[in-house]
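This report introduces a protein model to a reader who has not met it before. It treats the packing of helices and then the surroundings of the ligand.

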Amino acid sequence: MIGPGTGIAPFRAFLQERQVQGSGRNWLFFGEQRACTDFYYRDELLGWQRDGVLQRLDTAFSRDQSEKVYVQQRMLEQGAELWQWLEQGAHVCVCGDAARMAKDVDAALKKIVQAHGKMSSAAAALYVSHMSKARRYLRDVY
Ligand SMILES: NC(=O)c1ccc[n+]([C@@H]2O[C@H](COP(=O)([O-])OP(=O)(O)OC[C@H]3O[C@@H](n4cnc5c(N)ncnc54)[C@H](OP(=O)(O)O)[C@@H]3O)[C@@H](O)[C@H]2O)c1
């Protein structure tokens, strides 16, 4: 799940469902401007992490340091593990800003597939396109 800003909204419901089902591994990338004021649902998310519902929680608070940090940077930092999850059949869901974030996250995803899957950029684009066709790469962006 990649849901910076208001994009976090649907993923609470996803995680609530997973909690009830008690199955599956979950990884959330969340980003906002400042951790002290914008870490939406912090206690709930940390609770899910503590209870083992959320295996991975990676945050990117863009304005907490001099250089901007966005979710796609966290994805790239965790590229090797993300690639393993993809190869194990993970579904990737992106929610939030369509104008910039979704495009940059898409580029990061292809970059990870290319680098860790040792593919050409064309083969990586095809891999991601196959994920879309299989409904394993879903985007709710606006
Ligand atoms: N009309 C309205 O009242 C209204 C209200 C809310 C949202 N919106 C629109 O809805 C969309 C989503 O907004 P949102 O509130 O969910 O938050 P957002 O504007 O998408 O910001 C959430 C986080 O994403 C960061 N970000 C900026 N550019 C990014 C990029 N290229 N890749 C990854 N992350 C990036 C922001 O950092 P920085 O800000 O530090 O760059 C911030 O930390 C936006 O298009 C926004 O304009 C409109």
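## Helix packing and ligand contacts

In this predicted model, helix H6 (residues 101–116) packs against helix H7 (residues 121–133) at an angle of about 115°, and their axes are 8 Å apart. The two helices, H6 and H7, form a right-handed crossing. On the H6 side, the contact is made by Asp106, Leu109, Lys110, Val113 and Gln114, and on the H7 side by Ser121, Ala124, Ala125, Tyr127 and Val128. By class, the residues where H6 meets H7 comprise six nonpolar, two polar and two charged.

A further pair is formed by helix H1 (residues 9–21) and helix H3 (residues 42–50), whose axes come within 12 Å and cross at roughly 30°. The crossing of H1 and H3 is left-handed. Here Arg12, Leu15, Gln16 and Gln19 of H1 meet Glu44, Leu45 and Trp48 of H3. The contact of H1 with H3 contains three nonpolar, two polar and two charged residues.

The report now turns to the ligand. It is surrounded by 14 residues, of which the closest are Thr6, Ser62, Arg63, Tyr70 and Asp104. The table lists distances from a polar side-chain atom (N or O) to an oxygen atom of the ligand, for Gln33, Tyr70 and Asp97.

| Residue | Distance to a ligand oxygen atom |
|---|---|
| Gln33 | 2.9 Å |
| Tyr70 | 2.6 Å |
| Asp97 | 2.8 Å |

On its own, the ligand has 870 Å² of accessible area, and the protein covers 65% of this. Tyr70 thus appears both among the closest residues and in the table, at 2.6 Å.

Notes:
Residues numbered from 1 in each chain as written. Predicted model: local features only at pLDDT ≥ 70, side-chain atom pairs only at ≥ 80, totals over all residues. Heavy atoms only, no water. Axes fitted to C-alpha atoms, helices over the stretch in contact; angles between N-to-C directions. Helix = DSSP H or I, 4+ residues; strand = E, 2+ residues; numbered from the N terminus. Left-handed = near helix turned anticlockwise from the far one by under 90°. Contact = heavy atoms within 4.5 Å. Nonpolar A, V, L, I, M, F, W, Y, C, P; charged D, E, K, R; others polar. Near = heavy atom within 4 Å. Polar contact = N/O pair within 3.5 Å; in protein donor to acceptor, adjacent residues only side chain to side chain. Areas by Shrake-Rupley, 256 points an atom, 1.4 Å probe, with all protein chains shown as cover.
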